[in-house]
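Reader: I should like to learn how to read the strands, the core and the charged contacts of a protein model. Could you take me through them step by step?

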Amino acid sequence: MPLAYGKGAPRITQPLLSSIADAVDAQRQVATVTTATFTVSDPFNVACSPGAGLTSQAISLPEITTALLADAEPITITDAAGTAASKPIYIEPGSGFTINGASNLTLNDNNGSYTVKPVTATRWAIVSKYP
């Protein structure tokens, strides 16, 4: 069936676009981290839930490669346990890299999250923060 353009053509609505985005997000991998340290190897979501005896967690972002920069996939780090105020999550971009110009980022809001993505060969940017 040929595509219709102009008056009377079907429209792509915002709810449809949101549904497509939700379906794509649902296919992304989620790593549940209960250890003190974790290194992200591929762009996916990280759910932090510190195990017994931990007072913090450190999440290391992957090295920004040409392929990672070309894909520009965001990585979301979430306080899944709701304990970041007392057990902060340190997000580390790696040696020689920054996040919005800083050498690290601290998530210390209970149930909070940061979404970051690579924007240059040496810099990650914060895409969103909750709350």
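Author: Let us begin with one pair of strands, bearing in mind that this is a predicted model. Strand β2, residues 37-39, pairs with strand β4, residues 57-60, in the parallel sense over 3 bridges. Within this pairing, Thr 39 lies opposite Ser 60 of β4.

Reader: What holds paired strands together in general, and how does β4 pair with β6?

Author: Strands of a sheet pair through backbone hydrogen bonds, and the pairing may be parallel or antiparallel. In this model, β4 and β6 are joined by 4 bridges in the parallel sense. Opposite Tyr 90 of β6 stands Ala 58.

Reader: Is Ala 58 buried or exposed?

Author: The cut-off for a buried residue is a relative accessible area under 20%. Ala 58, which is placed in strand β4, has 15% relative accessibility and therefore counts as buried.

Reader: Which residues does Ala 58 touch, leaving aside those up to four places away in sequence?

Author: Ala 58 touches Ala 36, Thr 37, Phe 38, Tyr 90 and Glu 92. Another way to read its position is to set sequence against space: Ala 58 and Thr 106 are 48 residues apart in sequence, and their C-alpha atoms are 9.2 Å apart.

Reader: How many helices and strands does the protein have, and in what pattern do they follow along the sequence?

Author: There are 2 helices and 10 strands. Read along the sequence, the pattern is α-β-β-β-β-α-β-β-β-β-β-β.

Reader: In what order do the 6 strands of the open sheet lie?

Author: The order is β1-β3-β5-β9-β10-β7, with mixed pairing. At the edges are β1 (30-33) and β7 (98-99), each of which pairs on one side only. Inside this order, β9 (residues 113-118) and β10 (residues 123-130) run antiparallel and are joined by 6 bridges. Thr 115 has Ser 128 in β10 as its bridge partner.

Reader: Turning to the interior, which residues of the largest nonpolar core touch the most other members?

Author: This core has 22 residues, and those that touch the most other members are Val 46, Ile 59, Leu 61, Ile 77, Ile 89, Ile 91 and Trp 124. At least two core residues come from each of β1, β3 (45-48), β5 (75-79), β6 (89-92), β8 (105-107) and β9. Ile 59 illustrates such a position: setting aside neighbours within four places in sequence, its contacts are Val 33, Phe 38, Val 40, Val 46, Cys 48, Ile 77, Ile 89, Tyr 90, Ile 91 and Glu 92.

Reader: What do the totals say about burial, contacts and exposed surface?

Author: Of the 131 residues in the protein, 31% are buried. Among contacts with a separation of 6 or more, 51% are between residues 24 or more positions apart. The protein exposes about 7900 Å², of which carbon and sulfur atoms supply 55%.

Reader: Finally, which side chains meet in a salt bridge?

Author: A pair counts as a salt bridge when a side-chain nitrogen of Lys or Arg is within 4 Å of a carboxyl oxygen of Asp or Glu. The count by this rule is 1. It is formed by the side chains of Asp 109 and Lys 129, at 2.6 Å from N to O. The pair links distant parts of the chain, with Asp 109 in the loop between β8 and β9 and Lys 129 in strand β10, 20 residues apart.

Reader: How accessible are Asp 109 and Lys 129?

Author: Asp 109 has a relative accessible area of 26%, so this residue is partly exposed. Lys 129, at 39% relative accessibility, also counts as partly exposed.

Terms used
Residues are numbered from 1 along each chain as its sequence is written. This is a predicted model: local features need pLDDT of at least 70, side-chain atom pairs count only at pLDDT 80 or more; totals for chains, interfaces and linings use all residues. Side-chain values use heavy atoms; hydrogens and water are left out. Two strands pair if DSSP finds at least two bridges between them. A nonpolar core is a set of buried Ala, Val, Leu, Ile, Met, Phe, Trp, Tyr and Cys residues joined through side-chain atoms within 4.5 Å. Buried means under 20% relative accessible area, exposed over 50%, partly exposed in between (1.4 Å probe, protein chains only). Contact means heavy atoms within 4.5 Å. Accessible areas come from the Shrake-Rupley method with a 1.4 Å probe; for residues, only the protein chains shown count as cover.
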